[in-house]
Amino acid sequence: MAFQNSGAFAALATPIHDNGEIDYNNLDRVLDLVLEAGVDGVCLTGATGEYVHLSVQQRARLASHASAKLNGRGTLLVAIGASSTPHVLELGRSALDAGAEALLLPMPYFFRYEQDDLEAFCREVPNRLQAPCLLYNLPVFTNGLHVDLSIRLLNSEPFIIGIKDSSGDREALVRLAASRGSKPIALMVGNDEVAGEALRSGWDGVISGVASYCPELTVALYHAFRRNDEKAIGFLSPLLEELISQIVPLPTPWAIRAGLEVRGIPVGPFALPLSPRRAAQLADYKQWFRGWLDRNLDGVRKLR
């Protein structure tokens, strides 16, 4: 299947057991949740999937399992972030073997690199893999891509077919939308806070962490923007803003994992032990989210 370069994608959390192994039964339940909500595809092992906690071998098995579970019901996008080029290439090959339609290429993390270092990396990896890749700009957690470099790569590299931009940089969204030439480029926004603005400015789709545990909202908003339904947008956008306001005080994966627990899908332990303050904060968040779902989910579903 060729990569579907538009739509609402869910960036999935990774359920794990207490021993750190992947919990495939609950992964299937997460996949069922997002597919039943109508997502166009899923993204594995991005920031929401906490890829830094998983081994190369775990990630290969995860991609293979998800591909079999999807069985053509949605597009599979697999992120191949790592701290070194050999690991990135190994992850890319295993994801392609598993059936990924495209690869998401985060920038290297941990050490600080300059833009020409990132340019060399972004030219090397897709050409070595000979496979469709989307740049993944995630400056909060990895080295950030400057918008000028992103535009240059998008317009010059044959295997770079698009970008997921999670920077939240509104000026970059506008510039990237205006930079399209004759080459088809998939512009996918990865920051839920600016998703609406991106879609209004011509972006093709969203790859959303919120959609991992509340896919009904992401799908409804995407389609509302696509059909220019201002009434629906006016109802849905404040709900997303309210949800994000509750996520922001927490590490994002914690909020998403807690949200899945509220939806009845246990996803295993957090990466760090919880202090008493954090445990209380998460308990309050879960109670709030239960109420939010009770008040809003039926209305959101009607607008999908």
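Student: Which elements each supply at least two residues of the lining of the second largest pocket?
Tutor: The model is predicted. In it, the second largest pocket draws its largest share of lining, five residues, from one helix, α7. Two or more residues each come from α7 (195-200), α8 and α9.

Student: Which residues lie closest to the centre of the second largest pocket, and what is its volume?
Tutor: The volume is about 320 Å³. A total of 16 residues line this pocket. Closest to its centre are Asp192, Glu193, Ala195, Gly196 and Leu240.

Student: How many residues lining the second largest pocket are charged?
Tutor: Sort the lining by class. Eight residues are nonpolar and three are polar. The charged residues number five.

Student: What is the angle between α8 and α9, and how far apart are their axes?
Tutor: Both helices contribute to the lining of the second largest pocket. They also pack against each other, at an angle of about 140 degrees. Their axes are separated by 10 Å.

Student: Is the crossing of α8 and α9 left-handed or right-handed?
Tutor: Take the two helices as they pack, with α8 at residues 215-226. The way α8 passes α9 is left-handed.

Student: How many charged residues are in the contact of α8 with α9?
Tutor: From α8 come Leu217, Ala220, Leu221, Ala224 and Phe225. From α9 come Ala232, Ile233, Leu236, Ser237, Leu239, Leu240 and Leu243. By class, 11 are nonpolar and one is polar. The number of charged residues is zero.

Student: Which element gives the largest share of the lining of the largest pocket?
Tutor: Three elements, β8 (205-208), α9 and α10, each supply at least two lining residues. Among the residues nearest the centre are Thr252 and Pro253. Helix α10 covers residues 252-262. The largest share, four residues, comes from α10.

Student: How many residues line the largest pocket, and how much space lies in it?
Tutor: The lining divides into 22 nonpolar, 11 polar and four charged residues. In total, 37 residues line the pocket. The space in it is about 900 Å³.

Student: Is helix α10 mostly covered, or mostly exposed, and which elements do its buried residues pack against?
Tutor: Helix α10 is mostly covered, with nine of its 11 residues buried. The buried set is Pro253, Trp254, Ala255, Ile256, Arg257, Ala258, Gly259, Leu260 and Val262. These residues pack against α1 (24-37), α9 (230-247) and α11 (276-302).

Student: Which residue just after α10 takes a positive phi?
Tutor: Helix α10 runs over residues 252-262. Just after this helix, phi turns positive, at about 90 degrees. The residue is Gly264.

Student: Is Glu50 buried or exposed, and which residues is Glu50 in contact with, leaving aside neighbours within four places in sequence?
Tutor: Glu50 sits in the loop between β2 (41-44) and α2. Its relative accessibility is 10%, so Glu50 counts as buried. Beyond its neighbours within four places in sequence, the contacts of Glu50 are Pro253, Arg257 and Ala271.

Student: What is phi in Glu50, and what is phi in Asn71?
Tutor: Most residues other than glycine have a negative phi. Glu50 has a positive phi of about 55 degrees without being a glycine. Asn71, also not glycine, has a positive phi near 50 degrees.

Student: Is Asn71 buried or exposed?
Tutor: Asn71 lies in the loop between α2 and β3. Its relative accessible area is 65%, and the cut-off for this class is over 50%. Asn71 is therefore exposed.

Student: Which elements give two or more residues to the lining of the largest cavity?
Tutor: The count is one cavity of 30 Å³ or more. About 40 Å³ of space lies in this largest cavity. Its lining includes Arg59, Val78 and Leu91. The elements giving two or more residues are α2 (56-70), β3 (75-79) and α3 (85-98).

Student: Which residues does Arg170 touch, not counting residues up to four places away in sequence?
Tutor: Arg170 belongs to helix α6 (residues 170-178). Arg170 is partly exposed, at 45% relative accessible area. Beyond four places in sequence, Arg170 touches Glu193, Val194 and Glu197.

Note on methods:
Residues are numbered from 1 along each chain as its sequence is written. This is a predicted model: local features need pLDDT of at least 70, side-chain atom pairs count only at pLDDT 80 or more; totals for chains, interfaces and linings use all residues. Side-chain values use heavy atoms; hydrogens and water are left out. Buried means under 20% relative accessible area, exposed over 50%, partly exposed in between (1.4 Å probe, protein chains only). Contact means heavy atoms within 4.5 Å. Axes are lines fitted to C-alpha atoms, for helices over the stretch in contact, and angles run from 0 to 180 degrees between N-to-C directions. A crossing is left-handed if the near helix is turned anticlockwise from the far one by less than a right angle, and right-handed if clockwise. Ala, Val, Leu, Ile, Met, Phe, Trp, Tyr, Cys and Pro count as nonpolar, Asp, Glu, Lys and Arg as charged, and the others, Gly among them, as polar. On a 1 Å grid over the protein atoms alone, a cavity is a set of points where a 1.4 Å probe fits but cannot get out, and a pocket is an open set with protein on both sides within 12 Å along at least five of seven lines; lining residues have an atom within 4 Å of a point. Grid points are joined across faces, edges and corners, and a volume is the space filled by probe spheres set on the points.
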